[in-house]
Amino acid sequence: MNLKTLTVAGLAFILLLSCEKEIEIGEPGNLVPMTVVEDLGLPSININGAKLHSQVFGPEDGTLIICIHGGPGGNFQYLLNSKSLAEKGYRVVFYDQRGSGLSERFDKEWYLSHGKNSINETFYKDLQGVIDYYRTDTSQKVVLLTQSWGSMLATGFAGKYPNTIQGLILAEPGGFKWNDVEDYVDDSQSFKIWSEALNDATYLDQFITGKENQHNILDYKMALATTSNDITGDITSDLGTNGTFYKSTRDGAVISAAMFEVGEKYKPDFSEGISQFNSKVLFFYSSNNKAYPDSWAEKISSVFINKEVVKVNNVGHSGMFDQIDVWTNFTEPKVIEYLNGL
């Protein structure tokens, strides 16, 4: 049974329920999981005027590891193998960024209203708030463990607040200067007008069409449109019985669209000020991401003066985190080696 069949079958079931029980298709919980605003049982923290979905593991006084997911508009589920660091004495924090995963949603106009300060007001202040929330003492070390868009965000934060964190671990940031970001996005998209994923997403327009701020519908359609990518080398899988993969919970379509619009207009440079960050940077990239060859890794990592660049074999864009065997046998040992050297 292919994706379209499953999607339409599920949609037909929801529509049937909506006819019998007057359930609206765009209501929370019908197409996508509820956010922390809608489901008060989910773990959350209040940061910078937003309610964020967050989980924490490990001793309170351990080195603080803040895990930052990709996107914009992703979620932290695929990074959860990293919670094994808690067993080694580290305090490991996961949070869904504002407008992403299961965190609180905001309309597109909210993000755009901050103009060129949108990234600072949305992401940097939220990250600072998360650090302040979980940090128990000013002497407690803080390290950012990040992937993709999260690595761009973390680099921008480190350049702006170089004394706030003591360590920076990055995995395949698309780019730091906006022209590089655009080039990477263009090269890494397997989205073609005739592709199965795009056909499935547009096929749904016969049934549901989300307006600009209809978060539930738009998040659902975004998930369909990004189910696979044969360029980046990611493995699309549900959580297996062996716990190898973590299932994605929910995407954030509105924040994704808003931040790309901000980028197009203001062309941010996420490497600005990074020369002020003196600690060593651990930089991962993968062998199977066709858009991230050795030359691209060398170019993007060149903004760091003190760095270790590590190629992870036989994985794609997120595989160094979401494939448990690779995380356990390769990525985690490198991360611990790095942390011991801080």
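Two strands count as paired here if DSSP finds at least two bridges between them. Keep that in mind as you open this predicted model, because bridges will guide much of the first half of the tour.

**Stop 1: the whole chain**

Start with everything in cartoon view. The secondary structure comes to eleven helices and eight strands. Of the 342 residues, 53% count as buried. Switch to contacts between residues at least 6 apart in sequence, and 76% of them join residues at least 24 apart.

**Stop 2: strand E6 and its partners**

Now select 167-171, which is strand E6. How many of the residues of E6 are buried? Five of its five residues are, and the strand is mostly covered. Colour the two faces separately: Gly167, Ile169 and Ala171 lie on one side, Leu168 and Leu170 on the other, and both faces are covered.

Add strand E5, residues 142-146, which runs parallel to E6 and is joined to it by three bridges. Pick Leu144 in E5 and look across to E6, where its bridge partner is Leu168. To see how the chain gets from E5 to E6, show helix H4, residues 149-160: the path goes through this helix, and the β-α-β crossover is right-handed.

Next bring in strand E7, residues 281-286. E7 also pairs with E6 in the parallel sense, over four bridges. Here the residue to click is Leu170, which stands opposite Phe283 in E7.

**Stop 3: Glu172**

Step just past the end of E6 and select Glu172, in the loop between E6 and helix H5 (178-188). Which side chain of opposite charge is nearest to Glu172? Lys311 is, but at 9.3 Å; Glu172 is buried and has no salt bridge. A salt bridge would need a side-chain nitrogen of Lys or Arg within 4 Å of a carboxyl oxygen of Asp or Glu, so Lys311 at 9.3 Å does not qualify.

What the Glu172 side chain does have is a polar contact with the side chain of Asn289, at 2.8 Å. Show the residues around Glu172 as sticks. Leaving aside neighbours within four places in sequence, Glu172 is in contact with Ser148, Tyr184, Phe284, Tyr285, Ser286, Asn289, Tyr292 and His317.

**Stop 4: Ser148 and Asn314, two positive phi values**

One of those contacts, Ser148, deserves a click of its own. Ser148 sits in the loop between E5 and H4. Its phi is near 60 degrees, a positive value in a residue other than glycine. Most residues other than glycine have a negative phi.

Is Ser148 buried or exposed? Ser148 counts as buried because its relative accessibility is 12%, and the cut-off for buried is under 20%.

Now jump to Asn314, in the loop between strand E8 (307-312) and helix H10 (319-322). Asn314 also has a positive phi, near 65 degrees. Its relative accessibility is 64%, so Asn314 counts as exposed.

**Stop 5: Ser287**

Keep Asn314 on screen and add Ser287, which lies in the loop between E7 and helix H9 (294-301). The side chain of Ser287 reaches the backbone nitrogen of Asn314 at 2.8 Å. It also makes a polar contact with the side chain of Asn288, at 3.0 Å.

Apart from residues up to four places away in sequence, Ser287 touches Lys311, Val312, Asn313, Asn314 and Val315. Try a distance label from Ser287 to Gly316 as well: C-alpha to C-alpha they are 6.6 Å apart in space, while in sequence they are 29 residues apart. With a relative accessible area of 28%, Ser287 is partly exposed.

**Stop 6: the E1-E2 hairpin**

Move to strand E1, residues 44-47. Where do its side chains point? They alternate: Ile45 and Ile47 point to one face and are buried, whereas Ser44 and Asn46 point to the other and are not.

Add strand E2, residues 50-57, which runs antiparallel to E1 and is joined to it by four bridges. Across from Ile45 in E2 you will find Leu52. The two strands form a hairpin with two residues between them, and Asn48 in the turn has a positive phi of about 50 degrees.

**Stop 7: a cis peptide bond**

Finish at Pro72, in the loop between strand E3 (64-68) and strand E4 (91-95). Select Gly71 along with Pro72: the peptide bond joining them is cis, with omega about -5 degrees. Most peptide bonds are trans.

Definitions and conventions: Residues are numbered from 1 along each chain as its sequence is written. This is a predicted model: local features need pLDDT of at least 70, side-chain atom pairs count only at pLDDT 80 or more; totals for chains, interfaces and linings use all residues. Side-chain values use heavy atoms; hydrogens and water are left out. Buried means under 20% relative accessible area, exposed over 50%, partly exposed in between (1.4 Å probe, protein chains only). Lys and Arg count as positive and Asp and Glu as negative; His and the chain ends are not counted. A polar contact is a pair of N or O atoms within 3.5 Å; within protein, one must be able to donate a hydrogen and the other to accept it, and residues adjacent in sequence count only if both atoms are side-chain atoms. Contact means heavy atoms within 4.5 Å. A crossover is right-handed if, with the strands pointing away from the viewer, the path from the first strand over the helix to the second runs clockwise.
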